[in-house]
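Q: I have a protein model open and would like to learn how to read it. Could we go through a few features together?

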Amino acid sequence: MPRSDAAVRVRTRLLLMYHLTPQVHVPDDRLRPLSEALGLGRFTAHVEAAGLLLPRLVLHERVREITLPPNAARVDGADITLAVTPRQDPLLFVDVEVPDEAGDSDTIAETLYATWQDRSAIRVGGVPLTAWLDERLRAYGLTDRTADRPPLAFGRNVHQSVFPGAALAGRLLAAHVPGDAVGQDVVTIVLRGTLDSGTGATLGIRRPETLNNAGQTMVAHGRGVSLIVGYAPPVENAFGLAAAGILTAVAAVHRIRRQAFAALELDRAAAVETTDAARALVAQLSHRLNDLQLDLSFSVEVYADTILVPELLVESFHASLRDVSSLADALANTSRIVERVNAVLATRRVGLETAAQQYAEDRDRVLAAVIAAGSLLALPPALLLAYFGVNSSDVDPSRSILDFQHYGVAYAIAWSPFLLLILVGLLARRRISLRLPAPDAATSERRTRRFRRSLRSWLGRSRRPGR
């Protein structure tokens with residue numbers, strides 16, 4: 001008999017997912033499939049098949065001494081999982097269970113709000129969670145961290161999944177009517193207690209039809225919180241993995257836009273005065289553009305569809321979460337931003353190619369002028385030397401070849417043609433211009449008559465019936 005995807009949870013579980021900064025470079029041989037930390041059941045094969053595209057496991061530990069921020073529920077321990085995406089973005093999972101006495105919707109909403117707004121106050125053994133992670137990475141040799149890399153810190157993006165225990169799950173399922181208004185407990189949890197839950201309005205909360213089975217299962221979510229009732233742990237973890245993908249994509253969109261703006265600022269502020277400086281700027285912009293395009297492909301587009309885990313339950317949840325996060329619009333707008341950076345780079349390349357071509361033309365022109373001048377200056381002496389080397393009565397062996405009074409005619413004959421050639425060349429160069437010849441009056445009149453005939457012909461056709 002097949003294992004059911006539905007189950008009743010005893011205690012309320014919170015799966016808190018955080019995007020961290022900066023990027024962490026972990027050797028590939030130290031990365032493992034995320035299924036080793038999250039029990040994924042029948043979804044394991046999909047996750048391992050797409051392992052190179054999904055976040056991969058770096059660190060997984062069970063800690064006992066964990067303290068959540070003030071006003072949050074007290075917990076006895078937590079499973080802490082650190083993963084990195086293909087583009088080395090760190091992703092943190094904090095998996096806790098809330099005691100039965102703290103399992104009501106108000107306490108859960110306060111816990112969600114505290115671990116969202118005051119997440120930097122989470123402590124493990126009295127040490128900030130991010131500092132504890134840095135220490136673990138160094139202790140296990142899992143990162144090539146150098147002195148110039150900043151320590152880990154919480155990013156802007158958070159997603160929190162709530163899997164209610166039996167008592168709260170029963171109340172939620174009893175109050176849930178498909179197609180009806182959202183219940184007060186649902187509004188309180190999904191919106192973290194920030195709005196009045198007694199108005200009966202849906203307040204933008206999504207309830208995917210495929211995942212809501214009256215009396216057995218229920219899924220409701222916003223942008224940052226998902227409430228999942230009645231599903232077995234493997235399905236819960238698969239939903240969490242889908243939410244982590246959306247979380248990573250949204251964080252990558254923010255980073256890509258910041259880096260694209262930084263690239264444009266670099267281009268605007270660059271003082272390019274030489275071809276070497278222009279070539280260095282183009283190389284730097286090309287490197288940044290490559291990173292932007294890779295981030296766009298492997299940090300956003302890869303999580304924008306549901307092909308990585310092709311299961312109806314996961315696809316439905318992923319699609320609904322993607323829509324409420326406006327990821328498709330963000331992806332389209334970010335792609336256009338990257339295209340603008342590419343256009344700027346193309347303009348710089350054209351400028352560099354033009355400058356390089358101009359430099360080559362100037363160099364060739366100078367070289368040709370030097371060769372021409374050398375040839376011009378060498379020919380008259382060569383003719384004179386040939387003349388003085390002739391065994392002729394016109395050449396007096398007793399006189400010096402620099403005797404201009406005796407050999408003045410020879411020097412004039414040798415140099416005059418070349419001097420005349422130089423003079424003609426200079427005069428011709430001054431007369432050359434780029435002015436286009438102006439048409440004469442007859443040509444202008446013919447063009448005017450031709451245009452008038454074409455205009456009358458077009459007007460005649462446009463007045464025919466049926467036009």
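Q: Let's start with one residue: is Thr274 buried, partly exposed or exposed?
A: Thr274 counts as partly exposed, because its relative accessibility is 45%. Buried means under 20% relative accessible area and exposed over 50%, with partly exposed in between (1.4 Å probe, protein chains only). Please keep in mind that this is a predicted model, where local features need pLDDT of at least 70, side-chain atom pairs count only at pLDDT 80 or more, and totals for chains, interfaces and linings use all residues. Residues are numbered from 1 along each chain as its sequence is written, and side-chain values use heavy atoms, leaving out hydrogens and water.

Q: Where is Thr274 placed?
A: Look in the loop between α6 (233–269) and α7 (275–304). Helices (H or I, at least four residues) and strands (E, at least two) are DSSP runs, numbered from the N terminus. From C-alpha to C-alpha, Thr274 is 9.6 Å from Leu352, although 78 residues separate them in sequence.

Q: How many helices and strands are there in the protein?
A: The protein has eleven helices and ten strands.

Q: In what order do the strands of the open sheet lie?
A: Strands of a sheet pair through backbone hydrogen bonds, either parallel or antiparallel. Here three strands run in the order β3-β6-β7, with antiparallel pairing. The edges are β3 (66–67) and β7 (127–128), each pairing on one side only. Two strands pair if DSSP finds at least two bridges between them; β6 (residues 123–124) and β7 have two. Arg123 sits opposite Pro128 in β7.

Q: What share of the protein is buried?
A: Of its 467 residues, 41% count as buried.
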